[in-house]
Amino acid sequence: MAQLAPLVVPALKKHTATVIWAHVVKDAFNDLAQQQDQPGIHKSRDYFHNLIKGEIEKGIPSSRIVLGGFSQGGSISIFAGLTSPSPLAGIFGLSSYLLLGESLPSLLTQEIRAANSPTPIFMGHGDVDPLVKPEWGAETAKVLKALGWKVDFNVYRGLDHSADPKEMDDLEKWLGERLPAQG
């Protein structure tokens, strides 16, 4: 499959922050216990780390970059954000879960932990999601909290594998707190 170019929305004013939002087009999987594609996940992580590096090279401080997404895009965003060598303003995952959870502690070097352990994480999940089960999101939040991250985990009643206006409002408020307007 050919790699898609990122969609870039130019800043209306001065470019002072970046939100990298990911959504994997292919959303079909049956069970979290399936063998995860570790080389593919690492390749995606490296891609996101390069996007972050590119924004930093353009003059955006890493403390003004948020990485996040929906479903598998949110899952890879959480993984890439947790393992980023640069401190981020935040990480979000909507209807997402932790990739390679069993190997994550071994990937968190002292440098990476120092860079990103204070990074806040927003998670939103529907309580009737049939694809990414709500308990997977809840377990992800529990594991991340146990590893020392501050996780804001939100459950939305009646929401399946989709987005909700309340969820978007909560995310917008959270993003505004992480990336207050500048210049």
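How many salt bridges does this structure hold? The count comes to six. The structure is a predicted model. Some of these bridges sit in one helix, and that helix is a good place to begin.

## Salt bridges in and around α6

Helix α6 covers residues 165–178. Lys166 and Asp170 both lie in this helix. Their side chains meet in a salt bridge, at 2.7 Å from N to O. The two residues are four apart, about one turn of the helix. An α-helix has 3.6 residues a turn, so residues three or four places apart point the same way.

Lys173 and Glu177 repeat the spacing: they are four residues apart in α6, about one helical turn. They too form a salt bridge. Glu177 has a further partner, since its side chain also meets that of Arg178. Lys173, Glu177 and Arg178 are thus linked in a network of salt bridges.

Here are the three bridges, with the distance between N and O.

| Pair | N to O distance |
|---|---|
| Lys166 and Asp170 | 2.7 Å |
| Lys173 and Glu177 | 3.7 Å |
| Glu177 and Arg178 | 3.5 Å |

Which of these charged residues are buried and which are exposed? Take the first pair. Lys166 has 48% relative accessibility, so Lys166 counts as partly exposed. Asp170 has 19% and counts as buried, because buried means under 20%.

Now take the network. Lys173 is exposed, at 58% relative accessibility. Glu177 is partly exposed, with a relative accessible area of 47%. Arg178 is buried, at 19%.

## The nonpolar cores

Next comes the interior. The largest nonpolar core has 28 residues. Leu82, Ile121 and Leu144 have the most contacts inside this core. Five elements give two or more residues to it: α1 (38–57), β2 (65–70), α2 (72–82), β4 (121–126) and α5 (134–146). Of these, α2 gives the most, with five residues.

Apart from this core lies another, of 12 residues. Among its members are Ala89, Tyr156, Leu159 and Trp174.

What does Ile121 touch, leaving aside its neighbours within four places in sequence? Its contacts are Leu82, Ile91, Leu144, Trp149, Lys150, Val151, Asp152 and Trp174. Two of these partners, Leu82 and Leu144, were named above with Ile121 for their contacts inside the largest core. Another partner, Trp174, is a member of the 12-residue core.

## A buried serine in α2

Helix α2 also holds Ser75. Is Ser75 buried or exposed? Its relative accessible area is 1%, so Ser75 is buried. Not counting residues up to four places away in sequence, Ser75 touches Ser96, Tyr97 and Leu99.

## Helix α1 from end to end

Helix α1 has 20 residues. From its first C-alpha to its last, α1 reaches 28 Å. That is close to the 28 Å expected at 1.5 Å a residue.

What caps the N-terminal end of α1? Asp37 does. A side-chain oxygen of Asp37 lies 3.1 Å from the backbone nitrogen of Gly40.

Along the helix, the buried residues are Ile41, His42, Arg45, Phe48, His49, Ile52, Gly54 and Glu55. This list includes Arg45 and Glu55 as well as Ile41 and Phe48.

Just after α1 comes Gly59, which takes a positive phi of about 105°.

Terms used: Residues are numbered from 1 along each chain as its sequence is written. This is a predicted model: local features need pLDDT of at least 70, side-chain atom pairs count only at pLDDT 80 or more; totals for chains, interfaces and linings use all residues. Side-chain values use heavy atoms; hydrogens and water are left out. A nonpolar core is a set of buried Ala, Val, Leu, Ile, Met, Phe, Trp, Tyr and Cys residues joined through side-chain atoms within 4.5 Å. Buried means under 20% relative accessible area, exposed over 50%, partly exposed in between (1.4 Å probe, protein chains only). Contact means heavy atoms within 4.5 Å. The expected span of a helix is 1.5 Å times one less than its number of residues. A polar contact is a pair of N or O atoms within 3.5 Å; within protein, one must be able to donate a hydrogen and the other to accept it, and residues adjacent in sequence count only if both atoms are side-chain atoms. A salt bridge is a side-chain nitrogen of Lys or Arg within 4 Å of a carboxyl oxygen of Asp or Glu.
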